[in-house]
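Welcome! Take a moment to look over the sequence and the fold shown here, and then let us walk through them together.

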Amino acid sequence: YMEATDKRAERETARKALAKIGIAITVGKQREQRHEGEVLPIPGRDYVAIAGGRHQGLARIFSDSRWKQGGWVQAMGRIDGAVKNQQVKIMARNTRVTLVPVDQLLDLDGDFGDDDAVAVRQDAEAVF
């Protein structure tokens, strides 16, 4: 029982740390297109939600990089399977984000394996 409690506490600490900088882990949900051609998240697919160009935490992180002034939004939006202009709650606020598929960020055929993908999924479901 103690190990499960420790893992929950670790997940919560990680969730809060990510939220402070404008990042969350989420799972795609089924919904209708708002307009023709709109790209939707794939239901059940794991995503990293990355806050838009006005987020203070990410702005600080990227301030001295080529992705400053919101450039990270465009860069993340070019990743295969990314879904732009979505809303996710980060620190209890609806935040405009780009959803990036976890499997596009993790090399599941290389350093990470299927067990790691399952662990990421379980952590995402447990936290959110």
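## A hairpin to start with

In this predicted model, strands β3 and β4 form a hairpin, with 2 residues between them. Met91 sits in the turn and has a positive phi of about 55 degrees.

The two strands of the hairpin pair in the antiparallel sense, over 6 bridges. To find your place along this pairing, look for Lys89, which stands opposite Asn94 in β4.

## The sheet around the hairpin

Now widen the view. The hairpin strands belong to an open sheet of 4 strands, in the order β1-β2-β4-β3, with antiparallel pairing. Because β1 (23-27) and β3 (83-90) each have a single partner strand, they stand at the edges, and one side of each is left without a neighbour in the sheet. Neighbouring strands of this sheet are turned by 45 degrees against each other on average, with direction ignored.

Strand β2 (residues 46-51) pairs with strand β4 (residues 93-101) in the antiparallel sense, over 5 bridges. Here you can look for Ala51, which stands opposite Val97 in β4.

## Two glutamines to compare

Let us visit Gln86 in strand β3. Is Gln86 buried or exposed? Gln86 has a relative accessible area of 6%, and because buried means under 20%, Gln86 counts as buried. The side chain of Gln86 reaches the backbone oxygen of Lys84 at 3.1 Å. Leaving aside neighbours within four places in sequence, Gln86 is in contact with several residues, including Arg31, Arg34, Glu38, Val39 and Pro41, as well as Thr95, Arg96, Val97 and Leu99.

Gln74 is found in helix α3 (residues 71-77). Gln74 has a relative accessible area of 45% and is partly exposed. The C-alpha atoms of Gln74 and Lys84 are separated by 9.1 Å, and these residues are 10 residues apart along the chain.

## How confident is the prediction?

The chain averages a pLDDT of 80, and 80% of the residues score at least 70. Which elements have the lowest and the highest mean pLDDT? Helix α5 (residues 114-127) has the lowest, at 49, and β2 has the highest, at 93.

Over residues 123-128, pLDDT stays under 50, and the model has 8 contacts beyond four places in sequence for this stretch. Where pLDDT is low, the predicted coordinates should not be read in detail.

Key:
Residues are numbered from 1 along each chain as its sequence is written. Side-chain values use heavy atoms; hydrogens and water are left out. Buried means under 20% relative accessible area, exposed over 50%, partly exposed in between (1.4 Å probe, protein chains only). Two strands pair if DSSP finds at least two bridges between them. Axes are lines fitted to C-alpha atoms, for helices over the stretch in contact, and angles run from 0 to 180 degrees between N-to-C directions. pLDDT is the predictor's confidence in each residue, from 0 to 100. Contact means heavy atoms within 4.5 Å. A polar contact is a pair of N or O atoms within 3.5 Å; within protein, one must be able to donate a hydrogen and the other to accept it, and residues adjacent in sequence count only if both atoms are side-chain atoms.
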